[in-house]
Every structure is written in structure tokens, then in C-alpha cells.
Amino acid sequence: MGSTTIAALIIIAVHLLVCMTLCLLHHVGVLKVDGLLLPFMALIPLWGPLSVALMHSRAVLRGGRRIPAGLQELKVEDQEQRNILVDDRTDYANTVPLEEALIVDNPRQRRNLMLSILNENPGQYANLLSQARLNEDVEVVHYAATAMAQISAKEDIALQQRMEEYERNRDSDEALDRYREALEHYLKSSMEQGYARTLQMRRYADLLAERLKRHNDYRTACSLAKTQMDLGSFDEASHTIDAALSAWPRQGDVWLMKLRLEAARHDGEAVQRTVRHIKDDHIYLGGRGHDILRFWLGYKEAGRA
């Protein structure tokens with residue numbers, strides 16, 4: 001056997017030893033290269049292991065494990081799919097708005113929609129759920145009553161917490177505002193009727209009166225006057241509005257509240273006087289206020305005709 005053959009065998013043995021060492025390092029997670037490259041490394045003496053070593057060095061310098069191209073594509077596609085919002089309702093094509101579902105002659109559709117509302121946020125649909133309680137479908141009525149009870153329970157807990165906080169800190173403006181806002185939300189979302197609702201409205205009026213005393217602003221005065229009118233306390237509302245007009249004689253919202261009170265009292269002559277005053281003194285009312293004023297001006301002209 002010649003010296004050339006012996007040298008070649010030694011080189012091949014060293015090459016295989018280096019390849020086995022690199023494979024072992026890859027197996028234990030030290031070598032940061034794609035495992036699919038290792039068979040090709042064994043087929044190319046010297047340059048194969050050297051190329052793998054260079055790829056490992058580059059991966060280390062970048063500070064992260066190299067991800068094979070195929071896996072990278074799969075990762076991107078997976079991320080794109082995760083970003084797509086998919087509606088998990090299996091019967092999406094058959095769903096319709098709640099207002100229509102309540103009158104559609106399809107019990108299954110009505111019940112499925114009511115169940116979806118129960119699983120989402122029933123508080124958004126308080127008014128429609130109140131209508132659903134009058135539906136002819138017994139199951140729909142049951143679901144609606146369940147949802148309303150769920151809403152009421154949450155509102156009761158939140159309101160109780162705010163009330164207790166206010167009772168502990170009656171001098172705190174923050175506690176007053178939080179209780180007032182919670183009570184306002186409760187009155188808007190609750191289906192409570194009768195004496196219980198009237199009692200809550202009176203508490204709300206008391207809170208508004210307290211806030212008006214502490215912070216004299218026309219928005220609170222208008223809210224108080226509106227609540228007093230809703231309670232049927234027209235004399236109290238008149239007193240609130242008169243005091244507000246004395247403090248803010250050119251505030252359009254207060255004049256609109258005065259118009260509302262006079263209309264609620266069915267006092268046509270007072271409405272005409274107020275409309276004339278708003279027009280002659282050029283009281284700024286805003287877009288919606290101008291529509292109301294035009295309505296009453298048209299009413300006035302029709303009365304003259």
C-alpha cells in the first residue's frame with residue numbers, strides 16, 4: 001500500500017471523525033445549523049465540515065437559532081391565519097338582527113340568537129331584551145328574562161358599591177360623581193319600573209342637586225330639571241330652570257329645557273313667549289336646538305293661520 005493511499009485513508013478517517021463530532025453536537029443542540037445539511041457535509045471532505053462550521057458561526061453571531069426556510073414559511077402562514085378574525089358561529093348565514101329575529105317565524109333562529117346574546121354582552125341589548133320578554137315563544141321569553149336578571153344583578157352590585165363608597169366619603173367629589181354616574185347608568189339600562197324606579201330617580205335627583213350646589217354648572221342644572229320633569233315635579237323643575245337662567249342667561253341648553261318644561265305643561269302661550277325671546281335675543285342653540293326652534297316657529301305660524 002503506497003504512501004498516497006495511506007494519506008488518503010487518514011484524511012477520510014479524520015473527515016468522518018469530524019463529521020461524527022459535528023453530528024453529535026447537532027444532536028445535543030450545540031450546533032446551530034439545519035440538520036438536513038449534515039448528510040451533504042459527509043459527502044464533501046474538508047469543505048463540508050468547514051461550511052457547516054461557518055453557518056454555525058453566523059447563527060451564533062446573529063444571536064438566534066436559524067429556522068429552516070420551509071419552517072419559516074409555515075410560521076408566516078400560521079401567523080397570517082391567526083390574524084384572521086373568524087366568526088365561530090356555525091349558523092352565521094342564517095342569523096339576522098335581533099329586531100327582525102323577534103318577528104321572524106323561525107323558532108330555532110330566535111332561540112339561537114338569544115343564546116348568543118347570553119354568551120356575549122347582554123347589557124348592550126337591554127331595550128331589545130325587554131321587547132323579547134313579550135315574545136310568543138316561551139323559550140325566547142325565558143332567555144330574555146334570564147339575560148335581564150343577569151344585567152340587573154351586575155348593575156345592582158355596581159350601584160351598591162358606589163353607594164357605600166359615597167356614604168363613607170360624603171365630602172368627596174369623586175365619590176359623588178362615581179355614585180351619580182353609576183345611578184345614571186342603572187336608570188338607563190335597568191328595566192325596573194314602578195315605585196322602585198321612582199325611588200332611584202329621586203336619589204339621582206338628590207345627587208344632581210348636591211353636585212349643582214358644589215359645582216354650579218348649567219349641564220348639571222339641565223340634567224336635574226329633566227329628572228324633576230320625568231318625576232312629574234314641574235314646580236321644582238321650574239325653580240331649577242329659573243335659577244339656571246339667572247346664572248346663564250344666554251345658554252341655549254337651558255332655554256331648550258325651559259321650552260321642554262312649558263311643552264310638558266301644555267302651556268302654549270309660555271312656549272310662544274320663550275320662542276320669541278330666543279329669536280329676538282339671538283340665543284345660540286346649536287344644530288339640534290335650531291331644529292327644535294324651527295318646529296315651534298312653524299307651530300306658532302300654524303296657530304296664527
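This passage looks at a nonpolar surface patch and at several salt bridges in a predicted model.

The patch first. Leu43, Ile44, Leu46, Trp47, Leu50 and Leu54 come together on the surface as a nonpolar group, and their combined accessible area is about 700 Å². Helix H3, which spans residues 47–62, supplies the largest share of this patch, namely three residues. Leu54 is one of the patch members and sits in helix H3. With a relative accessible area of 55%, Leu54 is classed as exposed, because the cut-off for that label is over 50%.

Now for the charged side chains. Side chains that carry opposite charges can pair up when their charged atoms come close. Searching the whole structure turns up 15 salt bridges, and a few of them are worth walking through.

One is local to a single helix. Glu165 and Arg162 form a salt bridge, with an N to O distance of 3.1 Å. Both residues belong to helix H8 (residues 138–168), where they are three residues apart, or about one turn of the helix. The two partners fall into separate accessibility classes: Glu165 has a relative accessible area of 14% and is buried, whereas Arg162, at 32%, is partly exposed. Glu165 gets its label because 14% falls under the 20% limit for buried residues.

Another salt bridge ties together distant parts of the chain. Asp173 pairs with Arg214, and their closest N and O atoms are 2.9 Å apart. Here Asp173 comes from helix H9 (residues 173–189) and Arg214 from helix H10 (residues 195–214), with their positions 41 residues apart in the chain. On accessibility, Asp173 comes out as partly exposed at 27%, and Arg214 is likewise partly exposed at 26%.

A third example involves Arg211 and Asp217, whose closest N and O atoms are 3.1 Å apart in a salt bridge. Arg211 counts as buried, at 17% relative accessibility, while Asp217, at 21%, counts as partly exposed. These two labels part ways because buried means under 20%, with Arg211 at 17% and Asp217 at 21%.

The Arg211 and Asp217 pair does not stand alone, either: both residues belong to a network of salt bridges that also takes in Asp177, Arg180 and Glu181.

Definitions and conventions. Residues numbered from 1 in each chain as written. Predicted model: local features only at pLDDT ≥ 70, side-chain atom pairs only at ≥ 80, totals over all residues. Heavy atoms only, no water. Patch = residues over 30% accessible without salt bridge, like charges linked within 9 Å, V, L, I, M, F, W, Y side chains within 5 Å. Areas by Shrake-Rupley, 256 points an atom, 1.4 Å probe, with all protein chains shown as cover. Salt bridge = Lys/Arg side-chain N within 4 Å of Asp/Glu carboxyl O. Helix = DSSP H or I, 4+ residues; strand = E, 2+ residues; numbered from the N terminus. Buried < 20%, exposed > 50% of the residue type's maximum accessible area, 1.4 Å probe, protein only.
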